[in-house]
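Work through the exercises below with the structure open beside the text. Try each task before reading its solution.

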Amino acid sequence: MIRREDVDAICAALPGATPAEPPELVSWKVGGKMFACFGQQEDGDGVSVKTPDVETASMLIEAGAATRAKYFHRSWVRLPYASTDPTEAAHRLRVSYDTVVAGLPKSARPEG
């Protein structure tokens, strides 16, 4: 089981990661691009993260490790707080962060 505070602590430790608050979606960004999203409400049921591709997202959903992230591209999944292991959450957040960073122009990538 993870909590919002756990997700915030993991994201805050990533180089160049910054929180975004309303009027934007409550989320974490790097280089202006979102890699973790809570949605409009602070007390949601989980966090949505980007996977490297649709196949990875499908595999995580089929394995029961994640659910489909509503309103997002199919490469995004939702990690429910109640059923996500903290180690798995940290891994998925890092993969999401790394996936987004890899897509940034080199000039926008954080050092570290």
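The exercises that follow concern a helix, two loop residues and a pocket in a predicted model.

**Exercise 1. Find which residues of helix α2 are buried, and where on the helix they lie.**

Solution.
Step 1. Helix α2 covers residues 54-62. A residue counts as buried when its relative accessible area is under 20%. In α2 the residues V54, T56, A57 and L60 are buried.
Step 2. These residues cover an arc of only 160° around the axis, so they lie on the same side of α2.
Step 3. Now turn to the face of α2 directed away from the buried side: it carries the exposed residues E55 and E62.
Step 4. Look for what lies over the buried residues. The cover includes β6 (76-80) and α3 (86-103).

**Exercise 2. Describe what is found at the N-terminal end of α2 and just after the helix.**

Solution.
Step 1. The N-terminal end of α2 is capped by D53. One of its side-chain oxygens lies 3.3 Å from the backbone nitrogen of E55.
Step 2. Just after α2 comes G64, which has a positive phi of about 80°.

**Exercise 3. Decide for two loop residues, Y71 and T84: buried or exposed?**

Solution.
Step 1. Place the residues. Y71 is in the loop between β5 and β6, and T84 is in the loop between β6 and α3.
Step 2. Take Y71. A residue is exposed if its relative accessible area is over 50%. The value for Y71 is 83%, so Y71 is exposed.
Step 3. Check the backbone of Y71. Its phi is positive, about 70°, although Y71 is not a glycine.
Step 4. Take T84. Its relative accessibility is 2%, and therefore T84 counts as buried.
Step 5. List the contacts of T84. Leaving aside residues up to four places away in sequence, T84 touches M1, I2, A65, L79 and A89.

**Exercise 4. Describe the largest pocket: its space, its lining and the strands that contribute.**

Solution.
Step 1. The largest pocket holds about 260 Å³ of space.
Step 2. Its lining consists of 13 residues. Those that lie nearest the centre are S48, A69, K70, Y71 and R78.
Step 3. Sort the lining by residue type: six are nonpolar, three polar and four charged.
Step 4. Assign the lining to strands. At least two residues each come from β3 (33-39) and β5 (67-68). The most comes from β3, which supplies three residues.

Methods: Residues are numbered from 1 along each chain as its sequence is written. Side-chain values use heavy atoms; hydrogens and water are left out. On a 1 Å grid over the protein atoms alone, a cavity is a set of points where a 1.4 Å probe fits but cannot get out, and a pocket is an open set with protein on both sides within 12 Å along at least five of seven lines; lining residues have an atom within 4 Å of a point. Grid points are joined across faces, edges and corners, and a volume is the space filled by probe spheres set on the points. Helices (H or I, at least four residues) and strands (E, at least two) are DSSP runs, numbered from the N terminus. Ala, Val, Leu, Ile, Met, Phe, Trp, Tyr, Cys and Pro count as nonpolar, Asp, Glu, Lys and Arg as charged, and the others, Gly among them, as polar. Buried means under 20% relative accessible area, exposed over 50%, partly exposed in between (1.4 Å probe, protein chains only). The arc is that of the directions from the helix axis to the C-beta atoms. Contact means heavy atoms within 4.5 Å. A polar contact is a pair of N or O atoms within 3.5 Å; within protein, one must be able to donate a hydrogen and the other to accept it, and residues adjacent in sequence count only if both atoms are side-chain atoms.
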